[in-house]
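Morning, everyone. I'll take a few minutes on how the strands and helices fit together in this one. Have a look at the screen.

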Amino acid sequence: MNAADKAAIVVGIDGSEPAARGLVWAIEEARLRDARIQVVTAWHIPTAAYGAIGFVPLTTPPIEETFRKAAEEAAATATEQVRTAGVDVDVSVTQGQPAEVLLEAAAHADLLVVGSRGHGGFVGLLLGSVSAQCAHHAPCPLVIVR
């Protein structure tokens, strides 16, 4: 069986500790199922980064590049962890709202795995807005790792 024929587990990664725990869980599940993992990282520039409507900060490097690079680094770290574990892996780093990107990636997946909360605005919430949106709209079974 080649990697494309294997079951797919989509894992949301944002560089947070809950996402890292979700990845560890997904790696073990992929081993049990002989599945492949698709690491999915989404990035966007929060409105608060601009301060006010119409304000564009003059930063070097540009703020968009900063967010994109952070997402790419989180995805690369996760991808290396999956490869080291001997599991087939694909990676996707996409600009967009995290829940929307994850739900789209999970459209043809066998399982979606996310951490209970990540780098969202309200860190103290037990169930983050992304995991809550995934719980309501996931097109496949969902595991939220605490």
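Start with strands E1 and E4. E1 covers residues 8–12, and E4 covers residues 111–115. The two run parallel, joined by 3 bridges. Which residue in E4 stands opposite valine 11? That is valine 113. Keep in mind that this is a predicted model.

Now widen the view to the sheet. How many strands form it? There are 5, and the sheet is open. Read across, the order is E3-E2-E1-E4-E5. The pairing is parallel. Which strands sit at the edges? E3, residues 89–95, is one edge strand, and E5, residues 142–145, is the other. Each of them pairs on one side only. From one strand to the next, the twist averages 20 degrees.

Next, a helix against that sheet. H2 spans residues 63–84 and lies across E2 and E3. E2 itself is residues 36–43. Relative to E2, helix H2 runs at about 165 degrees.

Last item: two helices against each other. H3 is residues 98–105, and H4 is residues 129–137. They pack at an angle of about 40 degrees. Their axes are 9 Å apart. The crossing of H3 past H4 is right-handed. Who makes the contact? From H3, we have Pro98, Ala99, Leu102 and Leu103. From H4, Val130, Gln133, Cys134 and His137. What is the character of the residues in this contact of H3 with H4, by count? 6 are nonpolar, 2 are polar, and none is charged.

That's my tour. Over to you.

Conventions: Residues numbered from 1 in each chain as written. Predicted model: local features only at pLDDT ≥ 70, side-chain atom pairs only at ≥ 80, totals over all residues. Heavy atoms only, no water. Axes fitted to C-alpha atoms, helices over the stretch in contact; angles between N-to-C directions. Helix = DSSP H or I, 4+ residues; strand = E, 2+ residues; numbered from the N terminus. Left-handed = near helix turned anticlockwise from the far one by under 90°. Contact = heavy atoms within 4.5 Å. Nonpolar A, V, L, I, M, F, W, Y, C, P; charged D, E, K, R; others polar. Pairing = 2+ DSSP bridges.
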